[in-house]
Amino acid sequence: MTIGRIAHFEPATARPVRSPLRDTDAWTKKIVGHLKDSAVLPGGPADATIPVVVRMCLEWAGQRVSAQASADRTEGLLTAAAGWARQGISIDAILHAVHVGFEFGLEMLFAEKGASDRVDIVSGTATTLELLSLITATISKAYVRECKAGAAEDRTAVLTLTSALLGGHATSAMARECGIPIADTYMVLAVAVPAHPDESLPQLDGQVVARRKLRRLQSSLADLFDGQALSLLSVDGGTILIPATRSVAPDLDAVVGKLSHAARVPITATVVPAEPHQVAAAAVQAHELLDTVEQLGRGPGLHRFTELALQYQLTRPGIGRDVLGTQLAPLMDYPDLVETLRIHIGNELNRQRTARRLNVHPNTVDYRLRRIAELTGLDPSDARGLWYLHSALIVWTNGGAERPQAETRRMAAR
């Protein structure tokens with residue numbers, strides 16, 4: 001039964017009780033006094049509205065138990081409940097006070113009734129339960145509305161400040177207006193979120209699954225940092241700004257692990273620390289590094305510039321990269337040689353592990369390495385030759401994308 005139907009419900013078997021609620025003011029004082037004595041009232045500005053709501057409910061109940069036509073009281077209750085929500089009073093405190101008040105009201109209503117009044121008790125109890133259902137549903141509806149409105153306002157403030165930081169024009173005045181303090185330092189994370197396996201199931205709506213994944217990720221981020229972390233995220237990734245002090249930084253490896261657990265997919269992330277005025281440039285660098293990580297197939301987890309500075313620099317445009325990119329040109333017709341070189345370097349030049357990975361004999365690995373030296377003029381067994389080959393492989397691996405994935409992901413999150 002909806003709130004509206006409850007408010008106007010006329011039971012076919014309704015019968016008037018012999019002692020209807022006549023003195024509303026006296027009953028209001030008694031119930032409010034009992035609530036205060038029970039220490040269940042929220043206090044503060046809500047004090048003024050509690051007696052009004054109690055009186056309104058008593059008048060409604062008096063009309064109902066007397067089988068009179070009763071007015072719809074839900075709008076007044078919705079207004080009062082919305083005010084409690086805006087004051088920050090928890091819904092469990094309000095509903096607890098409602099139930100304590102109803103319990104006391106029932107004791108007062110039936111205190112002097114005997115067995116001969118059984119029909120009145122049944123009618124009165126049915127009316128009380130009807131009213132309790134109406135009040136609970138109305139208060140819950142008001143709180144849900146306010147929570148949605150508050151969440152929308154908070155989200156707008158977060159997006160405004162995050163966009164300003166990433167755009168390089170955030171100010172202290174803007175932060176105060178948004179109600180969010182600007183941190184001394186931010187850990188700027190670029191994140192890539194892969195598709196959840198359920199997104200490809202034909203019996204499910206992939207977009208719905210993806211949005212749920214994103215909501216889990218955002219909820220986990222809010223819980224980890226008490227709502228202080230800023231983010232611009234889409235279903236496949238984006239940017240996260242985690243506040244930090246100059247002396248204390250969060251354990252970002254653990255953070256990425258927890259976010260992956262919440263999203264139920266393995267997240268890949270890169271991080272660049274920055275002061276507020278450096279956030280815009282740091283975000284660009286973090287996404288470029290993330291693009292490099294993905295091109296090199298480094299896998300999920302957190303990656304830092306200190307680990308990939310060489311790889312990052314080699315992928316930057318310039319004559320050095322162009323020259324290095326030509327070093328592997330003689331191998332382009334021999335994909336098995338390129339794969340052998342990549343795996344051998346990844347195995348720290350251990351020919352036994354490389355052979356097992358390629359499922360070939362170690363002598364085959366030696367032969368392929370000699371062929372690489374013959375074709376390129378760079379010997380993988382020589383330190384100088386290996387350095388050039390490794391660098392060229394990084395450039396070649398990164399050179400296949402026409403548009404950097406980092407830019408695509410940043411644009412999708414906006």
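This section describes the fold of a predicted model, from the overall make-up of the chain to its sheet, its helices and two loop residues.

The secondary structure of the chain comprises 17 helices and five strands. Of the 414 residues, 43% are buried. Contacts between residues distant in sequence were also counted. Among contacts with a separation of 6 or more, 68% link residues 24 or more positions apart.

The five strands form an open sheet. Their order is E2-E3-E1-E4-E5, and the pairing is mixed. Strand E2 (230-234) and strand E5 (301-304) are the edge strands, each paired on one side only. On average, and with direction ignored, neighbouring strands of this sheet are turned by 25° against each other.

The pairings can be followed across the sheet from E2. A hairpin of two linking residues connects E2 to E3. These two strands pair in the antiparallel sense, with five bridges between them. Ser 234 has Gly 237 in E3 as its bridge partner. Strand E3 (237-244) is in turn joined to E1. E1 and E3 run antiparallel and share eight bridges. Here Val 191 is partnered by Gly 238 in E3.

Strand E1 spans residues 185-192, and strand E4 spans residues 268-274. The two run antiparallel and are joined by seven bridges. Two residue pairs illustrate this pairing. Val 188 stands opposite Val 272 in E4. Tyr 186 faces Ala 274 in E4. In regular strands, side chains alternate between the two faces of the sheet.

The pairing of E4 with E5 is parallel and rests on four bridges. Thr 268 lies opposite Gly 301 in E5. The connection between these strands involves helix H10 (residues 279-295). Together, E4, H10 and E5 make a β-α-β unit, and this unit is left-handed.

Burial was assessed for two of the strands. In E3, seven of the eight residues are buried, so this strand is largely enclosed by the rest of the structure. In E4, six of the seven residues are buried, so E4 too is largely enclosed by the rest of the structure.

Helices pack on the sheet. Helix H8 (residues 206-224) lies across E2 and E3. Its direction is at about 170° to that of E2. Helix H9 (residues 252-263) also packs on the sheet. H9 touches E1, E3, E4 and E5. The direction of H9 makes about 145° with that of E5.

A further helix contact involves H13 (residues 335-346) and H15 (residues 362-376). Their axes come within 10 Å and cross at roughly 110°. The crossing therefore makes H13 roughly perpendicular to H15. On the H13 side, the contact is formed by Asp 336, Leu 337, Thr 340, Leu 341 and His 344. On the H15 side, these residues meet Val 365, Arg 368, Leu 369, Arg 371, Ile 372 and Leu 375. By class, the contact has six nonpolar, two polar and three charged residues.

Backbone geometry was examined at two loop positions. Most residues other than glycine have a negative phi. Arg 264 has a positive phi, near 65°, and is not a glycine. Arg 264 lies in the loop between H9 and E4. Its relative accessible area is 54%, over the 50% cut-off, so Arg 264 counts as exposed. Glu 348 also has a positive phi, of about 55°, although it is not a glycine. Glu 348 belongs to the loop between H13 and helix H14 (351-358). With a relative accessible area of 68%, Glu 348 is exposed.

Terms used. Residues numbered from 1 in each chain as written. Predicted model: local features only at pLDDT ≥ 70, side-chain atom pairs only at ≥ 80, totals over all residues. Heavy atoms only, no water. Pairing = 2+ DSSP bridges. Axes fitted to C-alpha atoms, helices over the stretch in contact; angles between N-to-C directions. Contact = heavy atoms within 4.5 Å. Parallel < 35°, antiparallel > 145°, perpendicular 65-115°, else oblique. Nonpolar A, V, L, I, M, F, W, Y, C, P; charged D, E, K, R; others polar. Right-handed = clockwise from strand over helix to strand, strands pointing away. Buried < 20%, exposed > 50% of the residue type's maximum accessible area, 1.4 Å probe, protein only.
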